[in-house]
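Take a look at the model below. We will walk through its inner spaces and then its core.

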Amino acid sequence: MIAMAKAGLEGFIAAETTLSHVDGAHGRLIIRGFPVEELAPQASFEEVVYLLWNDALPNAAQLDSFKERLASQRALPRAVMRLLRDAAARRLPPIIALRMASAVLDVDQPDGEVREDAERVLARFPVIVATYERLLAGQAAPEPRSDLGAAANYLYMLFDAEPPRDRVRALDTYWNTVVDHGLNASTFAARVIISTWSDLTSAVTGAVGALKGPLHGGAPGPALDTVLEIGTPEHAEPYLRQRIERGERLMGFGHRVYKVRDPRADVLNEAAILLEKTEGFKETYALARYVEKVALRLLEEYKPGRALQTNVEFYTALLLHGLALKPELFTPTFALGRVAGWVAHCFEQLKTGRIVRPESSYVGILGRSWVPLSERT
Ligand SMILES: CC(C)(COP(=O)(O)OP(=O)(O)OC[C@H]1O[C@@H](n2cnc3c(N)ncnc32)[C@H](O)[C@@H]1OP(=O)(O)O)[C@@H](O)C(=O)NCCC(=O)NCCS
């Protein structure tokens, strides 16, 4: 008799990984052996991707050559540009445009070697999102710059100006912080797809589809909305009380795995502080910290013992707001970091060589007899 997993596969171990360790009881996240708080604020995104994909930090020559290869792959094929223009004419949300463009981004080189596919995906994802954002704004997208790293080039393409160093540092820290997180839903989706020996582009496209759901990557927008709707400190307590009393959930609090503070929240908070020069950010940041304090007090009052703590989305919202990104870019920007984790899991899954194929338990009717169409009422 095969054991039945809990709904949502909660508590079920479905893979072994050497990529990241999510320690929910102690509030720790380890990426390839490094505590996230040590790695994320110091490394560039490319260094962390190299670490994930190769299980070692790159030396200077390895990093330069990795960055050069990525930069040389940024130009989008004409078919992708056509698709983005059509999507912008229909004003589709950026996460939908990314899901669509992801599926065709290898049109110029299908059936490539898996490592080449990986570099192409990583290089083109941010270019797709930034290009689409500019098309939505009715502007011509600037060409990607091969002399900039991934974070700097993304911000350059979004805002048509070379970004200040503090913003590049903040985005590198953000992507490093969210790059991998155990067997979350989108990562699992990518592993299932690649386990059939399908191609990497298919795996990451499926993963974008999983990420975009509001139960997974869609929460930071509403978390920011809450802070902005509250507007001033004196509104915080009545507003939050009312929402909890109506049975609503406060976005940016609580977590399925972490029962203590999400370690990523502190890393992102430190990075957000760097953005104090962004116009209006200091006020929003101060208000958000106050809202957080009140929310934690009220959650303890209304839900005693549930250990509801601030999660990664609360500070994601603040950090991306500090980078002057619009809320509809929050989920796609999350995808640009997490895609490196999806790819790393695909490499790991391919090594096992085994298709992911669980079983289902049939609970339907047995013993029906066929009735020809003409005799059915
Ligand atoms: C993340 C989340 C889905 C985890 O859910 P979970 O582990 O299944 O938690 P549970 O649903 O078992 O919640 C336990 C209790 O706390 C309450 N609760 C959980 N998160 C809450 C929140 N953010 N605000 C208010 N109440 C919350 C639940 O209503 C439940 O109350 P009850 O026992 O009286 O029914 C949940 O905390 C949530 O919805 N948070 C808000 C959305 C969010 O920030 N998502 C991003 C996650 S990184």
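Sort the lining of the largest cavity by class, and you get 6 nonpolar, 1 polar and 3 charged residues. This is a predicted model. The charged residues in this lining are Glu 46, Lys 67 and Arg 74. Gly 149 is the polar one. The nonpolar residues are Leu 70, Leu 122, Ala 123, Pro 126, Leu 148 and Ala 150.

Which elements give two or more residues to this lining? They are helix H3, residues 60-71, and H6. H6 gives the most, with 3 residues. The volume of this cavity is about 70 Å³. The model holds 3 cavities of 30 Å³ or more.

Now turn to a pocket. The second largest pocket has a volume of about 710 Å³. Its lining counts 23 residues, and Leu 9, Phe 12, Arg 357, Pro 358 and Glu 359 are the closest to its centre. Two or more lining residues come from each of helix H9 (185-194) and helix H16 (330-352). By class, the pocket lining has 13 nonpolar, 4 polar and 6 charged residues.

Next comes the core. The largest nonpolar core has 111 residues. Trp 53, Phe 125 and Trp 342 have the most contacts inside it. Which helix gives the most to this core? Helix H6, residues 114-136, does, with 12 residues.

Finish with Trp 53. Leaving aside residues up to four places away in sequence, what does Trp 53 touch? Its partners include Phe 66, Arg 115, Ala 118, Glu 119 and Leu 122. Trp 53 also touches Ala 340, Val 343, Ala 344 and Phe 347. Leu 122 appears in the lining of the largest cavity too.

Technical notes: Residues numbered from 1 in each chain as written. Predicted model: local features only at pLDDT ≥ 70, side-chain atom pairs only at ≥ 80, totals over all residues. Heavy atoms only, no water. Core = buried A, V, L, I, M, F, W, Y, C linked by side-chain atoms within 4.5 Å. Buried < 20%, exposed > 50% of the residue type's maximum accessible area, 1.4 Å probe, protein only. Helix = DSSP H or I, 4+ residues; strand = E, 2+ residues; numbered from the N terminus. Contact = heavy atoms within 4.5 Å. 1 Å grid on protein atoms, 1.4 Å probe; cavity = no way out; pocket = protein on both sides within 12 Å on 5 of 7 lines; lining within 4 Å. Points joined across faces, edges and corners; volume = space filled by probe spheres on them.
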